Amino acid sequence: MLNDFFIRALVAGAGVALVTGPLGCFIVWRRMAYFGDTLSHAALLGVALAFLLEVDVTLAVFAVSVVIALLLLALQRRASLSADSLLGLLSHSALALGLVALAFMTWVRIDLMGLLFGDILAVSKTDIAVVYAGGGLVLAVLAFIWKPLFAATVNPELAAAEGMRPARANLIFMLLLAVVVAIAMKIVGVLLITALLIIPAATARRFAAGPEHMAVFAAVAGVLAVVAGLFASLEWDTPSGPSIVVAALAFFIVSLLHLGDRRKAGGPS
Amino acid sequence: MLQSPQPLVRLEKAGISRSGRWLVRDIDLEVRSGEIVTLIGPNGSGKSTTARMALGVIAPSEGRATRRDGLRVGYVPQKVAIDWTLPLTVDRFLTLTNPLSRAEKDEALAATGISHLAAAEVRNLSGGEFQRALLARAIARRPDLLVLDEPVQGVDFSGEIALYELVSAIRDRLHCGILMISHDLHVVMAATDRVLCLNGHVCCHGTPQVVAESEEYRSLFGSRGAAQLAVYQHHHDHTHLPDGRVRHADGTVTAHCFPGDGHHHHHYHDDDDHHDHHGDAPEAGEGKADAE
């Protein structure tokens, strides 16, 4: 019953979710949701550039994400505009620029819906290889910088004072996010990458006893959402990205119900 | 010069300027092993800035900040906010920057009196419990230099004294240098070796006694502040109980605390004139209430 393309989509989607879960925990802890949005919206600009310069799409998206991330770091240091205004400005400007640039390139036949919302049909074996190579690298680096990054998340000054070099960990974290945006774009689409970062992490928060715990649970919740969402997408012919996000949302709501049950049981907190 | 032990941290004519304004300037400061140095000063006088400069969190705009090679620091920052979304138990918090064995964790928790809170979530702790958890984390890594930025905030008066006593016990046990910031003008612990009084620059410095008696200190905090600083010298030989009575070093409990009650060490009365003029500990208690 399962078609070949569907297996590919499942494998690729699960690979993405395994990475966005742990990374998403840091996004939630650091209140960086809007930052993730900005990076993923800028991905469309990367796609446009890739067609214009005839380079690999994933590479171009990664490059644009890195530039946007560094730009943000630099602009935040100047702090002339509040951080959220700055992010909103960059996020939507990048999205609009990408859309306009793609419209100009009339010679390019492109599935805009697929870019914005993801397309399971588009997942190739090469994509799977990219997801697992990139994702594996991201997880390895994340494990390596976990301690300083986590210390910097709890308190940057404390981390700096005790020799954790938080600035370096932050910079590496930005680069990891750029990689994730580049590999997740095809599965969930540029508009919804942030959802895959945040919702599984938020779901995991309800069950987690510690930060590492939460990262693992978030990965699991993400994989479950991908599987459920893709099956739904196949069944009702809905776009893959939104279907996955709706499934993730459903799991999040179930996690809230679980908490309600515990409270009713009157267990000691 | 060469034989003298190298200071753990040293600031030389160090200053920080932001947008053309000097937050602090011309700071000379040294902390050595086994020594407690306290920074006091009004709000905005640059106490935290000075500490952060000493820690290397911010680089001085002028002058020099040097730390001994391989210096291991334990830091209790002034403000630590744990996000609701962060699942973090006290136990996990202890290992934030340093792996620790179970025994090391237990020792730090026991030393700060929060053994029963090991499994508690950090964000559910009360102010005083959280300060103890911060302190436990900082000492568990056995630092050479302990930097405490207002370690007694959110702690009530008797808890404050207990924490100060804990700090000096830590110094004795780990033989580390301690740089402490106190926003409490009236309570500077008796165990402090040197006090630096800051107000954008070093107003005056020396032993608590010397600083309390200096003109600069009096003009900054008024004579009442000076009186309270001096009065606190008594705390090493008596403790104020929550019900207002006083327990003395010899174990007796009296309703009040006054110099002639026979429970105090004599040398303070002999060589500390203004102490008698400015009154007894109960006045210090009232002064504290007035100030707040």
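Which residues touch the most other members of the largest nonpolar core? The legends below start there, and everything shown comes from a predicted model.

**View 1. The largest nonpolar core draws on both chains.** This core counts 157 residues, and the ones touching the most other members are V180(A), V181(A), A184(A), L196(A), V147(B) and C197(B). Helix α8 of chain A, residues 166–188, chips in the largest share, with 14 residues.

**View 2. C197(B) and what sits around it.** Setting aside residues up to four places away in sequence, C197(B) touches I40(B) and G41(B). Its contacts also include C203(B), C204(B) and H205(B), and the list is rounded out by V211(B), E216(B), Y217(B) and L220(B). Recall that C197(B) is also one of the core residues that touch the most other members.

**View 3. V19(A), a buried residue in helix α1 of chain A.** V19(A) counts as buried because it has 27 C-beta neighbours inside 10 Å, where 20 or more are enough. Beyond four places in sequence, V19(A) is in contact with G135(A), V138(A), L139(A) and V180(A). One of those partners, V180(A), turned up in View 1 among the core residues that touch the most other members. For a sense of scale, I128(A) is 109 residues from V19(A) in sequence but 14 Å away in space, C-alpha to C-alpha.

**View 4. Where chain A meets chain B.** Here 19 residues of chain A are in contact with 18 residues of chain B. On the chain A side, α1 (4–29), α6 (125–154), α7 (156–161) and α10 (211–236) each supply at least two residues. The largest share of that side is from α7(A), with 5 residues. Sorted by class, the chain A side has 13 nonpolar, 3 polar and 3 charged residues.

**View 5. An open, antiparallel sheet in chain B.** Three strands line up in the order β2-β1-β4. The edges belong to β2 (21–31) and β4 (62–67), each with a single partner strand, so one side of each has no neighbour in the sheet. From one strand to the next the twist averages 25°. Strand β1 (residues 9–18) is joined to β4(B) by 5 bridges, and the two run antiparallel. Look for R10(B), which stands opposite T66(B) in β4(B).

**View 6. A low-confidence stretch of chain A.** Chain A averages a pLDDT of 86, with 93% of the residues scoring at least 70. Over residues 262–269 of chain A, though, pLDDT stays under 50, and the model has 1 contact beyond four places in sequence for this stretch. Where pLDDT is low, predicted coordinates shouldn't be read in detail.

Conventions. Residues numbered from 1 in each chain as written. Chains lettered and ligands numbered in written order. Predicted model: local features only at pLDDT ≥ 70, side-chain atom pairs only at ≥ 80, totals over all residues. Contact = placed C-beta atoms within 7 Å. Helix = DSSP H or I, 4+ residues; strand = E, 2+ residues; numbered from the N terminus. Nonpolar A, V, L, I, M, F, W, Y, C, P; charged D, E, K, R; others polar. Core = buried A, V, L, I, M, F, W, Y, C linked by C-beta atoms within 7 Å. Buried ≥ 20, exposed ≤ 12 C-beta atoms within 10 Å, placed from the backbone. pLDDT = per-residue confidence, 0-100. Pairing = 2+ DSSP bridges. Axes fitted to C-alpha atoms, helices over the stretch in contact; angles between N-to-C directions.
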